[in-house]
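Colleague: I would like to learn how to read a model of this kind feature by feature, with the general idea stated before the particular case. Could we go through it together?

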Amino acid sequence: ELDNWNFIHPSLLKRGFDRNFLIRNRIGYDPVAYRSTIPIFDIKEGKPRKDQYRGSVKRTVLDFEKCKYVNPAGFEKSKFIYVPLHYELKEDGFIIVAEGQLNALKATQWGHLGIATFGSQPTQEQVNQIVNLARALDKRIILWYDYDDAGRKATDKFLSFFYDVDVISWEGVDKTKNDICDLEHGEFNSEIGNRKSSLEWLLS
């Protein structure tokens, strides 16, 4: 299946993704659905298992499409997290939790480990997996959900399960930008530097 989608759509390159990085992570394109394909694998010891393929999430390349992501048939997204197939963590890197897979990929391209919760409804099972992974890698978690009402609710819900994390507040960013893929690398690093503790977030 993945071999049939062995093409990088130009829209991802225009959003600042590196072609070789996308190829290593087996990102492809389904020309029938007009969607980029993002494969999902089971996670073991912090790494996706290539022999445990669960299907591919498909992300639209059409600006007018309201449904951005389509999950594989029968896929129970509440039980899984998305971890890129290939990542290289910087020594001072973080675990960055986002809603969508493209945001997770962009954070990973920039030297962190981006993880996606398949939307803005994180579950206890997903949070447990993220916390266990962060502990195994000895990395701190940063919540970086989208800058909108759904993203704020997602942050609050995650904190209801586990609160020893940092949170991106979006305070220093142009308000026309509302997810990681909208940011330049400098803006991304600046937001990490301005992150808040979970307590600061809850009191803000």
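Modeller: Let us begin with Tyr34, which sits in the loop between S1 and S2; the model is a predicted one, and in it the phi of Tyr34 is near 55 degrees, a positive value in a residue other than glycine.

Colleague: Is Tyr34 buried, partly exposed or exposed?

Modeller: Its relative accessibility is 46%, so Tyr34 counts as partly exposed. A second case is Phe118, in the loop between S6 and H4, whose phi is also positive and near 55 degrees although the residue is not glycine; Phe118, however, has a relative accessible area of 6% and is therefore buried.

Colleague: The loop of Tyr34 joins two strands, so how should I read the sheet, and which strands stand at its edges?

Modeller: In general, the strands of a sheet pair through backbone hydrogen bonds, and the pairing is either parallel or antiparallel. Here four strands form an open sheet in the order S1-S2-S3-S4, with antiparallel pairing. Strand S1 (28-30) and strand S4 (69-70) are the edge strands, because each has a single partner strand and one side of each is left without a neighbour in the sheet. Between S1 and strand S2 (residues 35-44) there are three bridges in the antiparallel sense, and Gly28 has Thr37 of S2 as its bridge partner.

Colleague: Which strands run parallel?

Modeller: S5 and S6 do, joined by four bridges, with Val97 opposite Ile115 in S6. Together with helix H3 (residues 101-109), these two strands make a right-handed β-α-β unit. Along S6, Leu113 and Ile115 point one way while Gly114 and Ala116 point the other way, and all of them are buried.

Colleague: Turning to helices, how do I read the two sides of H4, and which of its residues are buried?

Modeller: The general idea is that an α-helix has 3.6 residues a turn, so residues three or four places apart point the same way. In H4, the buried residues are Gln126, Val127, Ile130, Val131, Leu133 and Ala134. They cover an arc of only 165 degrees around the axis, which means that they lie on the same side of H4. Arg135 and Ala136, on the other side of H4, are exposed. The buried residues pack against strand S5 (95-98), strand S6 (113-116), strand S7 (141-143) and helix H5 (149-161).

Colleague: What does the length of H4 tell me about its geometry?

Modeller: The 14 residues of helix H4 (residues 124-137) should span 20 Å at 1.5 Å a residue, and the end C-alpha atoms are 20 Å apart, which agrees. Just after H4, Asp138 takes a positive phi of about 55 degrees.

Colleague: Finally, how many aromatic pairs does the structure hold?

Modeller: There are eight aromatic pairs. One of them, Trp144 with Phe188, is stacked, at 4.8 Å centre to centre and with 10 degrees between the planes. This pair links distant parts of the chain, 44 residues apart, since Trp144 lies in the loop between S7 and H5 and Phe188 in helix H6 (residues 185-193). Trp144 is buried at 1% relative accessibility, and Phe188 is buried with a relative accessible area of 0%. Tyr147 and Trp170 form a tilted pair, at 5.9 Å centre to centre and with 40 degrees between the planes. Tyr147 counts as partly exposed at 27% relative accessibility, whereas Trp170 is buried at 2%. Ring pairs link Trp110, Trp144, Tyr147, Trp170 and Phe188 into a cluster.

Technical notes:
Residues numbered from 1 in each chain as written. Predicted model: local features only at pLDDT ≥ 70, side-chain atom pairs only at ≥ 80, totals over all residues. Heavy atoms only, no water. Pairing = 2+ DSSP bridges. Expected span 1.5 Å × (residues − 1). Buried < 20%, exposed > 50% of the residue type's maximum accessible area, 1.4 Å probe, protein only. Arc of directions from axis to C-beta. Contact = heavy atoms within 4.5 Å. Right-handed = clockwise from strand over helix to strand, strands pointing away. Phe/Tyr/Trp six-rings, centres within 6.5 Å; stacked < 30°, edge-to-face > 60°.
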